[in-house]
Amino acid sequence: MPLHEYAYEIANNYDSYAEKAIIIIPLVVFILIFITLMKPSAGKRFLRLQSLLPTSKIHSVAKGLVEIEGALIMKNSLFSPVKNEVCIGYYYTIENINRDSDGKETYRTIHRETQCNVFQVKDDSGIIEVQPEGIELVLLGETNISSHSGKRYKETLLKEGQKMLLVGYADSRNGTPFIRKDEHYKVLGITSSSGITVWNKYQPLLRSFMFTCSIIFLIIIYILTQ
C-alpha cells in the first residue's frame, strides 16, 4: 500500500490506531528495558558470582574461581588522567555535555577506558598478586569529576590501602599463586567491601520491586486491551 494510502487509512481510523498505540508503545518500552536489564555483562556476572561464592582466605585459595577480600597493595603506580593522583588503576570516561533550551544538561559518553597495574591483595592470612588484564571496577562511585570545554571527565580510582572484594581465577606460576581473569565465566571484578555489603542487603528488595512493577504493568496492559 502506498504511503499516502496508509496516511489516509490512519486519518479515517484515528481513534482505533490511537488506542493501539497507547498499548503498544508502553509495551515496546517495557520490552526494551527488560532486554537491557537482562543483557549479560561482566559486571552482572561478577555480582551474581560474588553472591554465590564463599570468601576464601588468601593463604588457602585453591585453583579455580575464587572470591577474596582484603586491602590493596600498590606495586607500580599510575597517575590518574583527571586529577593526576597516584593510584593502582582507574576507570576513566569522557562525556559530551549537551544543554537544552531550559539549560538542563544531558551527557553522552564518547570515551571510556580502564587502566590498571599489577597489584596485591592482603588479608590476615597472607598476600596474593593480581594480574589485572580485563579487570572490571564494579559499583564504585567516581573519585573525581571535572568539566570544561563542553565535556565532563570522570575517574574512579583503585588506591593503596582500600579494602576490596575481588572475584577471579586463582592460578599459579612456578608454585606461586596469583589471580587473573577467569576465562570460563569471563570475569575479573573488584568492588568495595562496604558497597557490596549494602548491595547484597538491598538487591533482593530491588528484584522484588521490579517483579511487582512488571506484574502491575502487565495487568494494566491486559485491562486496556479488554
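**Exercise 1. Charges over aromatic rings**

Task: In this predicted model, determine which ring the charged end of R173 sits over, and at what distance from its centre. Then state which residue lies over the face of Y107.

Solution.
1. The criterion requires CZ of Arg to be within 6 Å of the ring centre and within 35 degrees of the ring normal.
2. The charged end of R173 is placed over the ring of F178, with 4.3 Å to the ring centre.
3. For Y107, the residue over the ring face is R152, and the distance to the ring centre is 3.5 Å.
4. Pairs between aromatic rings are a separate matter: their count is zero under the rule applied.

**Exercise 2. The salt bridge of R152**

Task: Identify the salt-bridge partner of R152, and decide whether R152 is buried or exposed. Explain why the pair ties together separate parts of the sequence.

Solution.
1. The whole structure contains ten salt bridges.
2. In one of them, R152 is paired with E95, and the closest N and O atoms are 2.7 Å apart.
3. R152 belongs to strand 10 (residues 151-158) and E95 to strand 4 (residues 89-99), so the salt bridge ties together parts that are 57 residues apart in sequence.
4. The cut-off for a buried residue is under 20% relative accessible area. R152 has 17% relative accessibility and therefore counts as buried.
5. E95, with a relative accessible area of 7%, is buried as well.
6. R152 thus appears in two settings: over the face of Y107 and in a salt bridge with E95.

**Exercise 3. Further salt bridges and a network**

Task: For the salt bridges R99 with E105 and K186 with E183, give the N to O distances and classify the exposure of each residue. Then state which residues are joined into one network by shared partners.

Solution.
1. R99 and E105 meet through their side chains, with an N to O distance of 2.7 Å.
2. Exposed means over 50% relative accessible area. R99, at 54% relative accessibility, is therefore exposed, whereas E105 is partly exposed at 31%.
3. K186 and E183 form a salt bridge in which the closest N and O atoms are 3.7 Å apart.
4. K186 has a relative accessible area of 40% and is partly exposed; E183 is also partly exposed, at 48% relative accessibility.
5. Through salt bridges with shared partners, E95, E142, R152 and K154 form one network.

**Exercise 4. The nonpolar core**

Task: State how many residues the largest nonpolar core has and which of them have the most contacts inside it. Then find which strands each supply at least two of its residues.

Solution.
1. The secondary structure comprises four helices and 13 strands.
2. The largest nonpolar core consists of 20 residues, and I68, F119 and I190 have the most contacts inside it.
3. At least two core residues come from each of strand 1 (64-74), strand 6 (119-123), strand 7 (126-130) and strand 11 (163-173).
4. Leaving aside residues up to four places away in sequence, I68 touches several residues, including V121, I128, M164 and I179.
5. For the protein as a whole, 30% of the 226 residues are buried.
6. Among contacts with a separation of 6 or more, 63% are between residues 24 or more positions apart.

**Exercise 5. Positive phi in loops**

Task: For S149 and N174, establish what phi each has and where each lies.

Solution.
1. S149 is not a glycine, yet its phi is positive, at about 55 degrees.
2. S149 is located in the loop between strand 9 (144-148) and strand 10, and it is exposed, with 69% relative accessible area.
3. N174, another residue other than glycine, has a positive phi near 55 degrees.
4. N174 is found in the loop between strand 11 and strand 12 (176-180), where it counts as exposed at 80% relative accessibility.

**Exercise 6. Sequence separation and distance in space**

Task: Give the C-alpha separation of R112 and T93 and that of G141 and T156.

Solution.
1. R112 lies in strand 5 (residues 105-116) and is exposed at 52% relative accessibility.
2. R112 and T93 are 19 residues apart in sequence, with 4.3 Å between their C-alpha atoms.
3. Beyond four places in sequence, R112 touches Y91, Y92 and T93.
4. G141 is in the loop between strand 8 (136-137) and strand 9; its relative accessible area of 53% makes it exposed.
5. G141 and T156 are 15 residues apart along the chain, and their C-alpha atoms are separated by 6.5 Å.

Note on methods. Residues numbered from 1 in each chain as written. Predicted model: local features only at pLDDT ≥ 70, side-chain atom pairs only at ≥ 80, totals over all residues. Heavy atoms only, no water. Phe/Tyr/Trp six-rings, centres within 6.5 Å; stacked < 30°, edge-to-face > 60°. Buried < 20%, exposed > 50% of the residue type's maximum accessible area, 1.4 Å probe, protein only. Contact = heavy atoms within 4.5 Å. Core = buried A, V, L, I, M, F, W, Y, C linked by side-chain atoms within 4.5 Å. Salt bridge = Lys/Arg side-chain N within 4 Å of Asp/Glu carboxyl O.
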